[in-house]
Amino acid sequence: MRHRVTTLADVERCIRVTDDEREGIRRTEGVFQWSITPYYASLMDADDPACPVRRQVVPLASELAPDIVGVEDPLEEVAHSPVKNLIHNYRDRVAFCVTSQCAIYCRYCLRKRMVGEASFMMRRGELEEALDYIRAHTEVRDVLLTGGDPLTLGERHLDWLLGSLKQIEHVDIVRIGTRMPVKLPQRITPELCEVLERNGPVWVNTHFNHAKELTPRAREAVLALLKAGVPVGNQTVLLAGINDSLDALRELLEGLVRARVRPYYLYQAQVIGGTAHFRTPIEVGMDLMARLQGRITGFAMPVYVLDTPFGKIPLNRTYVLGRCGDFVIMRSTRGRVWAEPNPRPPEAVAARLVEEAVLPEIAWPDGAETISVRSGAEVGA
Ligand SMILES: *Cc1c(COP(=O)(O)O)cnc(C)c1O
Ligand code: SF4
């Protein structure tokens, strides 16, 4: 952590920095967090700016594009937080942001405005308050520790937190969302595994986005978790130019199961400021899923979802009604109609997607009061 790449001079020692990257590093300073672990930096291709590892962590000028449609809090997490950093949006489970720190700061991060921020940090008293809330809410049986990255906390701190949750009778399982096996596999130490094993059942969901990240060192970290009785799942974000092709996704998913990691969710990238250049058209994602279905091991298939203030919506034709201009219209599992601003597919593939009826063009649905539009987005004419 102390040896992280955090300056232009540092990164120039790792890669041949392009003008676009140099401008990105300069202009995002003080706006978005930026840092790369030496391990993750070692996976970057020094000569290829399109390298899928490099694209995830080196800022580009497009992060500050003036036309970004973006919001700071796309899931209205603040509104769903009864106490600081505890999001209670599903009846039986909560997401608990226990820290704002990460080992690397991914350029597409859903909590891009919050990660690394002092105001998003949790003091001991604030953690206690969140634990009190969980104690008082007997319907909560599943606690998801997230952040930031919970594994930036030290063993003693984690032991206290997990131990406190274990003592709450109605909490059946604790899950940890962490990118450590991907960006700093050295963090999965025997001491950490011992803490997780002792306080189990603890599940880990990690976050590989590309087969290139499945190194021997990363696989070793996964195996250490598995040996400590921690099941390991994976969440991937569908990212333009990084993993939005059939080959990239297939290699990733097959590589994950080879590493004994169970693919869980494939996320549609959120509408959040500074990430527009990563967003893919939803019908392209749906088409990729359709082309993978039946062609890879069943349990290598993730569920393609969009997270909304009404919960996660599976992006398949049961829920997705169609495209209306620059929006994709879908029904949430709670019966609300949701309109997501989303880029249209490029001309070259649009015709095929329409012909194969991946997603129909539809009119704006009636009953506007039942429709929620992602705030911060402008509704077209
Ligand atoms: C994603 C999420 C969860 C966990 O949902 P699962 O579908 O069970 O993985 C819980 N709380 C919030 C707020 C979430 O966004
Ligand atoms: S590790 Fe997760 S929380 Fe941290 S910056 Fe990356 S995506 Fe965001």
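Which pocket does ligand 2 take the space of? In this predicted model, the space taken by ligand 2 is the largest pocket. The walk through the structure starts there.

Ten names make up the surroundings of the ligand. Cys102, Ile104, Tyr105, Cys106, Cys109 and Val115 surround ligand 2, together with Gly148, Arg179, Lys183 and His207. By class, the shell divides into six nonpolar residues, two polar ones and two charged ones. The nonpolar group takes in Cys102, Ile104, Tyr105, Cys106, Cys109 and Val115, because Cys and Tyr count as nonpolar along with Ile and Val. Arg179 and Lys183 are the charged pair, because Arg and Lys count as charged. Gly148 and His207 fall in the polar class, because Gly is placed there and His is in neither of the other lists.

Gly148 deserves a second look. This shell residue of ligand 2 is found in the loop between strand 3 (142–146) and helix 6 (155–166). The peptide bond that leads from Gly147 into Gly148 is cis, and its omega is near 10°. Is Gly148 buried or exposed? Gly148 has a relative accessible area of 14%. The cut-off for buried is under 20%, so Gly148 is buried. Its C-alpha atom is separated by 9.2 Å from that of Phe120, and the two residues are 28 apart along the chain.

The loop of Gly148 also holds Leu151, between strand 3 and helix 6. Leu151 is at 1% relative accessibility and therefore counts as buried. From Leu151 to Val358 the C-alpha atoms are separated by 40 Å, with the two positions 207 residues apart along the chain. Helix 6 follows, and Asp159 lies in it. Asp159 counts as partly exposed, because its relative accessibility is 24%. The C-alpha atoms of Asp159 and Ala103 are separated by 20 Å; along the chain these residues are 56 apart.

Another stretch to visit is the loop between strand 2 (93–97) and helix 5 (124–136), where Arg123 lies. Arg123 has 61% relative accessibility, so it counts as exposed. Arg123 and Val140 are 17 residues apart along the chain, and 23 Å separates their C-alpha atoms.

Now the rings. How many aromatic pairs does the count come to? The count comes to five. One of them joins Phe310 and Trp338 in an edge-to-face arrangement, with 5.8 Å centre to centre and 80° between the planes. The angle is over 60°, which is why the pair counts as edge-to-face. Phe310 lies in the loop between strand 8 (303–308) and strand 9 (311–314), while Trp338 is in strand 12 (residues 337–341), so the pair ties together parts that are 28 residues apart in sequence. Phe310 and Trp338 are both buried. Elsewhere, Tyr264, Tyr265 and Tyr267 form one aromatic cluster.

Rings also meet charges. The charged end of Arg93 sits over the ring of Tyr90, at 4.1 Å from the ring centre. Lys112 has its charged end over the ring of Phe32, 4.3 Å from the centre.

The backbone comes last. Most peptide bonds are trans, and most residues other than glycine have a negative phi. Which residues does a cis bond with omega about 0° join? Gly200 and Pro201 are joined in this way. Pro201 is placed in the loop between helix 8 (190–198) and strand 5 (202–206).

Positive phi appears at Arg260, which is not a glycine; the value is near 70°. Arg260 lies in the loop between helix 10 (246–258) and strand 7 (262–268). At 57% relative accessibility, Arg260 counts as exposed. Ala357 is not a glycine either, and its phi is positive at about 55°. The loop between helix 12 (347–355) and strand 13 (371–373) contains Ala357. Is Ala357 buried, partly exposed or exposed? Its relative accessible area is 48%, so Ala357 is partly exposed.

Notes: Residues numbered from 1 in each chain as written. Chains lettered and ligands numbered in written order. Predicted model: local features only at pLDDT ≥ 70, side-chain atom pairs only at ≥ 80, totals over all residues. Heavy atoms only, no water. Near = heavy atom within 4 Å. 1 Å grid on protein atoms, 1.4 Å probe; cavity = no way out; pocket = protein on both sides within 12 Å on 5 of 7 lines; lining within 4 Å. Sits in = over half its atoms within 2 Å of the grid points. Phe/Tyr/Trp six-rings, centres within 6.5 Å; stacked < 30°, edge-to-face > 60°. Helix = DSSP H or I, 4+ residues; strand = E, 2+ residues; numbered from the N terminus. Buried < 20%, exposed > 50% of the residue type's maximum accessible area, 1.4 Å probe, protein only. Lys NZ or Arg CZ within 6 Å of the ring centre and 35° of its normal.
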